Amino acid sequence: MFDTSKAFSGFSVNDVEAAKRFYGETLGIHVTEEHGMLTLHLGGDVLVYPKGPAHAPATFTVLNFPVEDIDKAVDELTARGVRFERYDGFEQDARGILRGGDGPPVAWFTDPSGNILSVLQLEP
């Protein structure tokens, strides 16, 4: 039934205009707006919809951005005003990058609505 569907994911925000600026300008993603909702064009589309005061940020990573060089990505995002998160129980470096362990190097940050995003360096 869904094997040929063009399914897409989505998440909520509390301020569509702030999300549009963040995803479009700060992150440089192609963003379109229709019917009060945003579409992030990332190879596959992601719907960003308003939830207003009822919005609660996701407690998990909603988008992961693979990068070739995590140090460069963190530096560029920091220069654009992005603040990287620090989490208890993770040994992150001074810039917020977790290295080693079971996964690739990763650093987390949030959008203006508090949803968690990451950059992660995948091995070539």
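In the predicted model, N115 is located in the loop that connects β6 and β7. With a relative accessible area of 1%, N115 is buried, because buried means under 20% relative accessible area. Two polar contacts of this side chain involve the backbone. The side chain of N115 reaches the backbone oxygen of S12 at 2.9 Å, and a polar atom of the N115 side chain lies 3.1 Å from the backbone nitrogen of A58. When neighbours within four places in sequence are left aside, the contacts of N115 comprise F11, S12, V13, H55, P57, A58, V62, F109 and T110.

F109, one of the residues in contact with N115, also belongs to the largest nonpolar core. This core contains 27 residues, of which Y23 and F109 touch the most other members. At least two residues of the core are supplied by each of β1 (9–13), α1 (16–26), β3 (37–41), β4 (45–50), β5 (61–67), α2 (70–79), β6 (106–110) and β7 (116–121). The largest share, four residues, is contributed by α1. Beyond residues up to four places away in sequence, Y23 touches F11, G28, I29, V31, L40, L63, D111 and L117. Another core, of five residues, lies apart from the largest one; L98, V106, W108 and I116 are among its members.

The loop between α2 and β6 holds several residues that can be described in turn. F84 is found in this loop and, at 5% relative accessibility, counts as buried. The contacts of F84, apart from neighbours within four places in sequence, are V74, L77, T78, R95, A107, W108, F109 and V119. F84 and S118 are 34 residues apart in sequence, and their C-alpha atoms are 9.1 Å apart in space.

E85 has its place in the loop between α2 and β6 as well. Its relative accessibility is 15%, and E85 therefore counts as buried, given that the term applies under 20%. Residues touched by E85, not counting those up to four places away in sequence, are Q92, G96, W108, F109 and T110. W108 and F109 thus appear among the contacts of F84 and among those of E85.

G81 is likewise placed in the loop between α2 and β6. At 62% relative accessibility, however, G81 counts as exposed, since exposed means over 50%. The C-alpha atoms of G81 and T26 are 7.9 Å apart in space, while the two residues are 55 residues apart in sequence.

R99 is a further residue of the loop between α2 and β6. R99 is partly exposed, with a relative accessible area of 39%; this value falls between the limits for buried, under 20%, and exposed, over 50%. Two polar contacts between side chains involve R99. One joins R99 to the side chain of D71 at 2.5 Å, and the other, of 3.3 Å, joins the side chains of R99 and D93. Both D71 and D93 are found among the contacts of R99 outside its neighbours within four places in sequence, together with I70, E91 and P105. With respect to I116, R99 is 17 residues away along the chain, and 18 Å separates the two C-alpha atoms.

The largest pocket has a volume of about 290 Å³. Its lining consists of 14 residues, and L27, V67, A73, L77 and V119 lie nearest the centre. Two of these residues, L77 and V119, are also in contact with F84. β5 and α2 each supply at least two residues of the lining, and the largest share, four residues, comes from α2. By residue type, the lining divides into nine nonpolar, no polar and five charged residues.

A final feature concerns the backbone of H35. This residue has its place in the loop between β2 (30–34) and β3. Phi of H35 is near 60 degrees, which is a positive value in a residue other than glycine. The relative accessible area of H35 is 69%, so the residue is exposed.

Notes
Residues are numbered from 1 along each chain as its sequence is written. This is a predicted model: local features need pLDDT of at least 70, side-chain atom pairs count only at pLDDT 80 or more; totals for chains, interfaces and linings use all residues. Side-chain values use heavy atoms; hydrogens and water are left out. A nonpolar core is a set of buried Ala, Val, Leu, Ile, Met, Phe, Trp, Tyr and Cys residues joined through side-chain atoms within 4.5 Å. Buried means under 20% relative accessible area, exposed over 50%, partly exposed in between (1.4 Å probe, protein chains only). Contact means heavy atoms within 4.5 Å. On a 1 Å grid over the protein atoms alone, a cavity is a set of points where a 1.4 Å probe fits but cannot get out, and a pocket is an open set with protein on both sides within 12 Å along at least five of seven lines; lining residues have an atom within 4 Å of a point. Grid points are joined across faces, edges and corners, and a volume is the space filled by probe spheres set on the points. Ala, Val, Leu, Ile, Met, Phe, Trp, Tyr, Cys and Pro count as nonpolar, Asp, Glu, Lys and Arg as charged, and the others, Gly among them, as polar. A polar contact is a pair of N or O atoms within 3.5 Å; within protein, one must be able to donate a hydrogen and the other to accept it, and residues adjacent in sequence count only if both atoms are side-chain atoms.
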